[in-house]
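The exercises below work through the domains, salt bridges and backbone of one protein model. Each gives a task and then a solution in steps.

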Amino acid sequence: MKLNREVFIAGVGETPFRKHELDFDALGRWAAMEALETSNIDGPDVVQSAYLGNATNGTVTGQTLFKNLGMLSKMPIINVESACSAGAMAVFLAVKDVATGLTEVSMGVGAENHTLHRAAGTAFMPAMSDIETVHGGVMTGKYSMRATRYMHERGATIEDFAMITVKNRKHATHNPNAWFKGEISVEEVVNSRMVAYPMTLHQCCGIADGAGAVVVCSKEMVKKLGIEKPVRVAGSVVTSGPYHNRPRDITGDDITEMTSEQLYEESGIGPEDVDILELHDAFTIAELLYYECMGLCKKGDGLQFLRDGQSTYGGKCVVSPRGGMLSYGHPIGASGAAQIAANVKQLRGQCNGYQVDPIPRVAMSHVTGGGLSGTEHAACTMHMLVSDW
């Protein structure tokens, strides 16, 4: 999306991610109220449009969430469903409103509660009527095939994949919003229950509940609201597909490669300039693949990038400094918005105990959405953020 004028993030909010007794709407209000407060907004009348990303909690989810904030009848409230990409896509739409001059202040929220509504042990279906789904092509199975192929072509081992869990859990050690955190050994990861070879339990994101919220505004509103540390949205991209029925290289990810290229072109920022990255690490193999797809390293060098410590503190790019989905769990409609919230906090130096040092200047986020036969993913949403003070 070409930004017709500068767009800034005024404030963000996120809940802890874990099993919650609160339903999605209460979780969403929790995050939204924090985002409004950190934007110096003391009433709902300032916000001119609001979007809610949610995948599984029913109809009129946005209206359900925002009504107790006094926002009904005051603005358009639009519901966004795009599987795991929903929360980030809600932020994209809020950015679009401000970028085109439709609004001065808009809000994107992602909120989801799975554990109150899903039977334990059930898998997410990529698409209910999709031909791959009805033949058992659930996400865990798809990623196990990608991991097995990567092992065959790159010489990776299960221990290599386990290193990603170890890294991300360590990143999350002092993050109060992360669910799974602290020291875990490669051996513990490898020896945890096998889910789909070579993906063991600790290599898969947990089914969690949570919410994230982002308030975006124009440059003029940054001044009016008195935002001391405005974070500029340098790029915001949503893509779908690409679709084809030819053989695919499953050690790559064409939609992530395409979206990354668009984001770099739109923002004028290359992968070598990115300080921190929150990506879609629903499974350990995903992070390894995305190093290469996003150009953090050359094709085929992702394994060495990991082994050399280039994706952790002190490396070229700190990947998942909040702990990623492997530490947070993955309430699918919420994760994309929470990624952005976490990146903003890092850029503002607000992550006590897990702050990247030196304080990063450029942050990127990435989340894919849904499985669909003939595509790697149905959607992909990415954002590039820059500290602008």
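A salt bridge here is a side-chain nitrogen of Lys or Arg within 4 Å of a carboxyl oxygen of Asp or Glu. The model is predicted.

**Exercise 1. Salt bridges**

Task: State how many salt bridges the rule gives, and work out which parts of the chain the pair R5 and E220 ties together.

Solution.
Step 1. Applied to the model, the rule yields 17 salt bridges.
Step 2. One pair to inspect is R5 with E220, whose side chains meet at 4.0 Å, N to O.
Step 3. R5 sits in the segment before β1, while E220 belongs to helix α8 (residues 219-225), so this pair ties together parts that are 215 residues apart in sequence.

**Exercise 2. Two domains and their contact**

Task: Describe domain 1 and domain 2, then describe the contact between them.

Solution.
Step 1. The domain assignment gives 7-118 + 208-231 as domain 1 and 131-205 + 235-386 as domain 2.
Step 2. Between the C-alpha centres of domain 1 and domain 2 the distance is 23 Å.
Step 3. With contact taken as heavy atoms within 4.5 Å, domain 1 contributes 43 residues and domain 2 contributes 36 residues.
Step 4. The size of an interface is often expressed as the accessible area lost when the parts come together. For domain 1 and domain 2 the buried area is about 2,900 Å², and 66% of it is on carbon and sulfur atoms.
Step 5. On the domain 1 side, E14, F17 and C84 supply 25% of the area buried against domain 2, more than any other three residues.

**Exercise 3. Polar links and the domain 1 face**

Task: Find the salt bridges and polar contacts that cross the interface, and say which elements build the domain 1 side.

Solution.
Step 1. Side chains of opposite charge can pair when their charged atoms come close. Two salt bridges are found across the interface of domain 1 and domain 2.
Step 2. E34 also takes part in a salt bridge, with K345 as its partner and 3.8 Å between the closest N and O atoms.
Step 3. Residue pairs in polar contact between domain 1 and domain 2 number 14.
Step 4. Each of β1 (7-14), α3 (86-99), β4 (105-112) and β7 (210-218) supplies at least two residues of the domain 1 side that touches domain 2. The largest share, seven residues, comes from α3.
Step 5. By residue class, this side of domain 1 holds 23 nonpolar, 13 polar and seven charged residues.

**Exercise 4. A UniProt feature**

Task: Locate the feature "domain: Thiolase C-terminal" and describe its span.

Solution.
Step 1. The unreviewed UniProt entry places this feature at residues 244-373.
Step 2. In the model, residues 244-373 are 37% helix and 10% strand, and the end C-alpha atoms of the span are 9 Å apart.

**Exercise 5. Backbone details**

Task: Locate P198, P358 and S73, and describe the backbone there.

Solution.
Step 1. Y197 and P198 are joined by a cis peptide bond, with omega about 0°. P198 lies in the loop between β5 (194-196) and β6 (199-200).
Step 2. D357 and P358 are also joined by a cis peptide bond, with omega about 0°. P358 lies in the loop between α13 (335-347) and β11 (362-369).
Step 3. S73, a residue other than glycine, has a positive phi near 75°. Its loop runs between α2 (61-66) and β3 (77-80).

Terms used: Residues numbered from 1 in each chain as written. Predicted model: local features only at pLDDT ≥ 70, side-chain atom pairs only at ≥ 80, totals over all residues. Heavy atoms only, no water. Domains from an automatic or database assignment. Buried area = accessible area lost by both parts, 1.4 Å probe. Polar contact = N/O pair within 3.5 Å; in protein donor to acceptor, adjacent residues only side chain to side chain. Helix = DSSP H or I, 4+ residues; strand = E, 2+ residues; numbered from the N terminus. Nonpolar A, V, L, I, M, F, W, Y, C, P; charged D, E, K, R; others polar. UniProt positions renumbered as here; feature names shortened; annotations may be inferred.
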